[in-house]
Amino acid sequence: MRILHGAPASAGVAEGPIVVVAAPTRIEGGRIEPEQAADEITRLEAAVARAAAALEALAGEVAAAGHGDEAAIFEAQAEMARDPALLDLARTRIEGGEDAVAAILGATDAFAEQLRAIGDALLAARAADLADVGRRIALELLGRREAVPALERPSIVVAEDLAPSVTASLPRDRLLGLALEAGSPTAHAAILARAYGIPAVVGVAGLLEAVGGDGATTIALDGERGEVVLDPDPATARRYAELRTVAEAAARADLAEAHLPAVTRDGVEVTLLANIGTPEESGRAVALGASGVGLFRTEFLFIERAEPPSEEEQVAAYRAVVDAFAPHPVTIRLLDVGGDKPIPYLPLEPEANPFLGVRAIRLAVDRPELFVTQLRASMRAAVGAVDPAGRARVKVMAPMVADGTDVDLLLELAERAARGLRAAGFEAGPIDLGVMLEIPSAILVGPTYFGRLAFASLGTNDLTQYTLAVDRGNRSLGRYQDPLHPAVLRLVREAVVAAEAAGIELSVCGEMAGDPVAALALVGLGIRKLSMAAGSLPAVRRAIRASSLGRLEAEAEAALALPTAAAVRERFAALAVAD
Ligand code: PEP
Ligand code: MG
């Protein structure tokens, strides 16, 4: 028996025989003579068309199997295949002497590399999708197909990594679980596993060597804790069988309880919303009982491409989410890129301190059209989108606002968007405008501008980073990264008081809202809307339903005077257990 650890990617417990899916064989391209270039380009164009059509067919199959949201992954890949910028780069490489196979692999690699260089997990995962597209086109050129294992009996698939198209093609009735040596929880293999309810652990260092070296034949995995056990002994196998029973019951309970309100024992209701990064995530969030979207990160629309997305494309993406969550509200966040998250068609000066530089709404000074187009698309997606009480269901918020001058800019951009739509004869639906509170200054001077807005949302990830001067991604600074730090809590309290005085809505959409212990502190401080990753909804709902507002308020008041985040966490953790 051997125990390995990786990242939890899809909850649930599985055990069964191992099927190793070998890494795809490496495809090598070659060189051509200059006079062959024209023919090679024609061959490439035909292969692109075939690969894109095959991906669309796969999207159709996945949708027909009842997974409409996940079908979008393959539609997006078909679009990547047809991206004119990709084809242009491949053509240039062919003209430089590469054959079509080398050219398309080189072009997709170059685009994927740009995405990986950004250092964002979500974008790195899209890079893997792009590499998969390049490979599919190359296989078309070679007249070959990717081999997909048949799985003769119910099994657990072990692999270095799996392309999304291979994951979707695995026979689902015989796929008990997935263990991958590479990959991340945000990769599409993991997203698909979650959508299909297949337990998965990814990023398991040394997995393939251990399986091969020990000749392991069976495996047990826990997709919640990220544990993988090779050839479990009888006692471990029994423990896993019990865990599986418990996990299956928990997943059923999560869905069964999804309709229950997050109401404290003394009757105060908290609205639970979802954070999403793509329209495909809507289905699960709705199933787990999200009463709308508190943060729709729109960066996915702007990456992996040579030019910004068209207004039409944005309208379609926003409307898909607005429709999925009807009759609830959807909060679209304007583009949050810049020095720290560069994109190819936005050439920005390298900065010494990108987290303190030209990012998010600050970019609108030089590139207003990017934001005006997003606002126009949001207004078009909002046509007819009002809730039963007649309130706007589409909300748009600006990231990284520092003060009222940034708010003036947002209002001016929105005005330009509405004027432009009217002039072009488009209908503009009603939208509410708001800001993210993630810079301390924006909270401290909130009373000077809150009255010009409909809502604000606390981005506690960045708020903690800027309050404690701690890089949010630096693993060696864990002690400073807990948002339960009393300094952050004081800012939250300040925001609650100012929002109440101005009569605007306030929510929290940082990761803090999805941590059941921290969520209780937020409710104690007066927050009544919490937005989080869909998977966090059940635990936060339970924590709130088990607590009493009276106790939470008293503890929150006391927490403001405590010296450290650790002290606050200890008290709220004890409360979560005691209640
Ligand atoms: C935040 O900063 O808390 C937030 C929600 O935004 P992001 O994590 O996308 O920066
Ligand atoms: Mg932020």
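How many Å should the 28 residues of helix α1 span, and how far apart are its end C-alpha atoms? In this predicted model, α1 covers residues 37-64, and at 1.5 Å a residue the expected span is 40 Å. The end C-alpha atoms sit 40 Å apart, which agrees. As for what the helix hides, A37, E40, I41, L44, A47, V48, A51, A52, L55, L58, A59 and V62 are buried in α1. The spacing in that list is easier to read with a general point in mind: an α-helix has 3.6 residues a turn, so residues three or four places apart point the same way.

On a broader view, the chain splits into domain 1 (2-18 + 148-254), domain 2 (34-142) and domain 3 (257-578). Between the C-alpha centres of domain 1 and domain 3 there are 33 Å. Five residues from domain 1 and seven residues from domain 3 make up the contact.

Next comes the sheet. Eight strands build an open, mixed sheet, and reading across gives β1-β8-β7-β3-β4-β5-β6-β2. The edges belong to β1 (2-5) and β2 (7-10); each has a single partner strand, so one side of each goes without a neighbour in the sheet. On average, neighbouring strands are turned by 30 degrees against each other, direction ignored.

Some of the pairings can be followed strand by strand. β3 and β7 run antiparallel and share five bridges, with G16 partnered by I219 in β7. On β4, by contrast, the pairing with β3 is parallel and counts four bridges; here V20 has V158 of β4 as its bridge partner. Moving to β7 (residues 218-222) and β8 (residues 227-230), four bridges hold this antiparallel pair together, and A220 is matched with V229 in β8. Helix α9 (residues 234-256) packs on the sheet and touches β3, β7 and β8, its direction making about 110 degrees with that of β3. Another helix, α8 (residues 207-214), lies across β1, β3 (13-21), β4 (155-159), β5 (175-180) and β8, and runs at about 115 degrees to β4.

Now for the metal. The magnesium ion (ligand 2) has two protein donors, E438 (OE) and D462 (OD), at 2.1 to 2.2 Å. These two come from distant parts of the chain, 24 residues apart: E438 belongs to the loop between β14 (431-437) and α14 (440-444), while D462 is in helix α15 (residues 460-468). Both E438 and D462 are buried.

Strand β12 (residues 330-333) includes V330, which counts as buried because its relative accessibility is 1%. Leaving out residues up to four places away in sequence, V330 touches V293, F296, V321, V322, F325, R393, V394 and K395. S155 is 175 residues from V330 in sequence, and their C-alpha atoms are 40 Å apart in space. P327, in the loop between α11 (311-324) and β12, is joined to A326 by a cis peptide bond with omega of about 5 degrees.

Finally, two alanines have unusual backbone angles to look at. A360, in the loop between β12 and α12 (368-381), has a positive phi near 55 degrees despite not being glycine. A469 also has a positive phi, of about 55 degrees, and is not a glycine either; this residue is placed in the loop between α15 and α16 (486-502). Are these residues buried or exposed? A360 counts as buried, at 0% relative accessibility, whereas A469 is exposed, with a relative accessible area of 72%.

Note on methods
Residues are numbered from 1 along each chain as its sequence is written. Chains are lettered from A and ligands numbered from 1 in the order in which they are written. This is a predicted model: local features need pLDDT of at least 70, side-chain atom pairs count only at pLDDT 80 or more; totals for chains, interfaces and linings use all residues. Side-chain values use heavy atoms; hydrogens and water are left out. The expected span of a helix is 1.5 Å times one less than its number of residues. Buried means under 20% relative accessible area, exposed over 50%, partly exposed in between (1.4 Å probe, protein chains only). Two strands pair if DSSP finds at least two bridges between them. Axes are lines fitted to C-alpha atoms, for helices over the stretch in contact, and angles run from 0 to 180 degrees between N-to-C directions. Contact means heavy atoms within 4.5 Å. Donors are N, O and S atoms within 2.8 Å of the metal (3.2 Å for Na, K and Ca); water is not among the atoms, so sites may look incomplete. Domain bounds come from an automatic or database domain assignment.
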